[in-house]
Each structure stands twice: as C-alpha cells, then as structure tokens.
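Here is a set of short questions and answers about one chain. Look at the structure first, then read on.

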Amino acid sequence: MSTLRLLTASGETTSVDLAEGGRYTRPEHPLRSRVAYAAAHVVPRVVADNTPGRPADIDWDATLAFRRNVYSWGLGVADAMDTAQRNMGLDARATRELIARSAEVAREEGGHVVVGVNTDHVEDATLSIDGVIDAYTEQLHFTEEQGAGPVLMASRHLARAAVGAEDYRRVYRAVLAAATTPVVLHWLGPAFDPELEGYFGSPDWRTASEVLLEIIAESPDRVAGVKMSLLDAESEVAVRARLPHGVRMFTGDDFNYVGLIGGDEVPAATQPEGTGHSDALLGAFAAITPVASAAIQALDAGDAEAYLRILGPTEELSRQVFAAPTFYYKTGVAFLSWLNGHQPAFQMVGGLHSARSLPHLSRIVELANGALALERPELARERWHGMLRLNGVDA
C-alpha cells in the first residue's frame with residue numbers, strides 16, 4: 001500500500017496510508033433534496049506574472065474546465081465571488097470576462113450559475129451612498145445581460161459610506177428595485193473580510209439580522225435567498241427560521257455545513273428540531289465536489305446515515321482550509337484543485353499560493369486523504385511529495 005509523507009509544524013515527518021478514494025458516482029438525474037452551489041476559484045496561466053499587485057492573467061481552459069466538472073457532479077456554480085479572489089487579486093476586467101465566460105459554459109452544460117455583483121470596479125476607496133447604488137446597479141445589469149443569477153455581495157464601499165442601518169436599507173431597496181430577476185443577498189462576515197465589520201449597521205448579528213430581514217420583507221419577490229457566511233450556526237438557524245416563504249437560506253458556513261444542510265432529516269444535526277435545513281453556496285464544495293454530490297445523492301435517496309458518513313469527515317478538512325486568517329482559505333481550495341488534477345500547477349492570482357505554510361498544507365493533505373476527498377490519490381501523492389522535495393523535505 002502507498003503511503004503519504006506528512007510534515008508537522010516542528011519539522012518532523014510522519015507517514016499515513018494512502019486511501020483509495022471515495023469512488024463516487026456522478027448523478028444520473030438532477031439533485032433534488034438540496035440546491036447546492038460550489039463557489040469556484042480561478043486558475044492563472046502558469047507563465048503569467050502571478051505576483052502581488054499584478055492584473056489577473058487567467059488560464060481560461062483550466063478555469064472553465066473546473067466549472068464543467070462541477071456541473072458534471074450535479075452541483076451549480078457560484079462564480080466571481082470571494083473564492084474567485086474578488087478583492088484579493090481578481091481585477092474588474094478579469095471579473096467581467098469571468099462572468100461572461102462562466103455564464104456561457106453554464107448554458108452549454110445546462111448548469112445553474114450565480115455570480116457576484118459588487119461595487120469593486122470603482123477604484124476610488126470612498127463612494128457616496130448614491131455612488132454605491134449606481135455601482136451596484138451597473139454590475140447588476142451586466143450580470144443580468146449575461147443570463148446569470150445575481151448575488152449581491154457585501155460591498156466594502158457601502159461598509160465605509162454607511163453611517164447607520166438606514167443607509168443599508170436605502171441601498172438595498174434601490175438595487176432590488178432595479179433587479180429584473182430575483183437575487184441572492186450575501187452576508188459575508190469579518191472573518192472573511194475584516195473591512196465588513198458591522199455590516200447591515202451593527203457588529204452584533206442579532207441587530208444586523210433585523211435590518212436584513214426588514215430589507216427582505218419589503219421585497220420578498222425580488223429575493224431568491226440569503227447566503228450567510230458568519231461561521232456561526234446559531235445566527236444562520238435564527239435567520240433561516242424567519243425568512244419569508246420561498247426565500248432560501250444558502251449556508252456559507254464552511255465550519256458547520258454538515259448539520260445545517262442536513263437539517264431536520266439528519267438526527268445528529270446540531271440545531272433545534274423543526275427549523276428546516278439550509279441549501280448550500282460554499283467554497284468548501286469547490287474543494288470536495290464529488291463528496292458533496294455523493295452526500296446530497298444520499299439525501300435524495302432518504303439515507304441520512306450515508307449522508308453523515310460521506311460528508312461528516314469533510315468538515316474537519318474544511319475547518320483546516322478555512323482556519324484563521326480565514327480570508328486565505330482560497331489557497332487551500334486551489335491547492336486541492338491542483339492535487340486532484342484540475343490545474344497544471346499550484347499557482348494563484350496575485351501570488352496567493354504562498355499564503356499558507358507547508359505544515360498547514362500537509363494537514364490539508366492528511367485530512368483530505370481521511371475524508372476520501374483525493375479524487376486521484378496516486379496523482380495527489382506524486383504532486384505532494386514533489387512539493388515536499390522541492391522544499392527540502394525528504395519524501
């Protein structure tokens with residue numbers, strides 16, 4: 001049996017048996033029990049100047065092939081969001097091209113795609129409230145023209161400009177009024193982006209959630225769902241229970257998604273009975289797409305035990321990928337993509353592949369192996385051991 005070499009923070013090496021992998025099967029029919037989107041990353045050209053501050057130079061073949069792979073497993077794609085390095089290297093020009101290309105691939109594959117709508121094409125650090133509305137609306141209309149579903153991302157410009165909850169109400173009221181198709185509202189917590197502290201008018205999620213719920217209540221027919229990324233299961237369950245009928249909760253909680261997605265159907269779920277379940281819009285699902293698909297297929301078959309057996313072990317892996325500082329989680333997603341053969345090199349836009357240490361990546365390898373999330377185990381072993389040797393570690 002093959003073994004994996006691992007590296008501890010103290011520099012010691014250990015070995016574990018290489019698992020055979022999950023051998024999961026692509027679904028023959030659309031997934032039914034949950035709506036699930038994998039928030040996909042971008043792959044840069046290997047020979048590009050992938051250094052901090054340089055414009056994104058995307059390997060479109062690899063980037064779009066990754067999205068086709070997600071569709072083949074029955075999941076939707078959430079694109080041009082934080083996983084794709086919005087506000088961390090993906091510039092406005094590349095963002096627009098990504099949205100247009102991704103929407104075209106979705107049409108070709110018969111897949112479902114939603115994309116991020118933000119204000120980040122405006123280079124000025126500060127905007128007035130009216131300026132925020134105009135910037136959001138410009139991106140919204142571009143997204144609608146491409147035929148993709150809009151996700152109104154949390155805006156750094158709005159976080160800077162708002163002096164209170166009423167400014168958030170005013171902005172979202174105006175942008176929702178301009179939408180021609182229902183949108184998803186994205187609440188990204190400060191663990192993912194410290195500049196968004198106090199979004200929706202308060203650092204306390206209970207107070208902020210009242211503002212969010214008021215915004216939805218004013219225009220429920222224009223809101224398809226809410227994506228919460230606070231890494232706090234209690235807050236998500238509380239908001240979910242108060243959403244109007246027809247408005248979905250998409251979990252963005254990469255720490256607690258197993259119980260939140262499982263909901264009432266999974267006895268081990270850590271939430272009050274009768275509070276339903278969350279759908280999914282997760283960066284973690286881009287890292288474990290076949291496993292996520294297999295777990296939802298188990299729910300489709302009414303097998304909650306299989307769901308837990310398949311997806312449960314991935315949560316520790318996800319917690320490692322999203323460990324503090326959480327905003328560097330994208331490095332782990334791209335690393336697993338490389339290990340699994342979805343891109344030719346472990347490179348990221350803006351040099352972000354250097355954002356995690358070798359021992360941190362080693363723990364990802366160990367947990368991915370244990371969670372049966374290595375799609376091609378021997379390839380993953382070969383690539384990982386080569387990386388160790390390149391860094392002077394005997395493999």
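Q: What does the secondary structure of the chain come to?
A: This is a predicted model. Its chain has 15 helices and 10 strands.

Q: What makes the chain as compact as a globular protein of that length?
A: Set two values side by side. The radius of gyration is 20 Å, and the globule rule gives 21 Å for 395 residues. The two values are close, so the chain is as compact as a globular protein of that length. Along its principal axes, the C-alpha trace spans about 60 × 50 × 45 Å.

Q: How many of the residues in the chain are buried?
A: Buried means under 20% relative accessible area. Of the 395 residues, 58% are buried. The chain exposes about 15700 Å², with 49% of that supplied by carbon and sulfur atoms.

Q: What share of the contacts joins residues 24 or more positions apart?
A: Take the contacts in the chain with a separation of 6 or more. Residues 24 or more positions apart account for 73% of them.

Q: Why is α10 called roughly antiparallel to α11?
A: Helix α10 (residues 289-300) and helix α11 (residues 304-311) pack at an angle of about 170 degrees. Their axes are 7 Å apart. Angles over 145 degrees count as roughly antiparallel. Therefore α10 is roughly antiparallel to α11.

Q: Which residues make the contact of α10 with α11, and how do they divide into nonpolar, polar and charged?
A: From α10 come V291, A292, A294, A295, A298 and L299. From α11 come A306, Y307, I310 and L311. The contact has 10 nonpolar residues, no polar and no charged.

Notes:
Residues numbered from 1 in each chain as written. Predicted model: local features only at pLDDT ≥ 70, side-chain atom pairs only at ≥ 80, totals over all residues. Heavy atoms only, no water. Axes fitted to C-alpha atoms, helices over the stretch in contact; angles between N-to-C directions. Helix = DSSP H or I, 4+ residues; strand = E, 2+ residues; numbered from the N terminus. Parallel < 35°, antiparallel > 145°, perpendicular 65-115°, else oblique. Contact = heavy atoms within 4.5 Å. Nonpolar A, V, L, I, M, F, W, Y, C, P; charged D, E, K, R; others polar. Rg over C-alpha atoms; globule rule 2.2 N^0.38 Å. Buried < 20%, exposed > 50% of the residue type's maximum accessible area, 1.4 Å probe, protein only. Areas by Shrake-Rupley, 256 points an atom, 1.4 Å probe, with all protein chains shown as cover.
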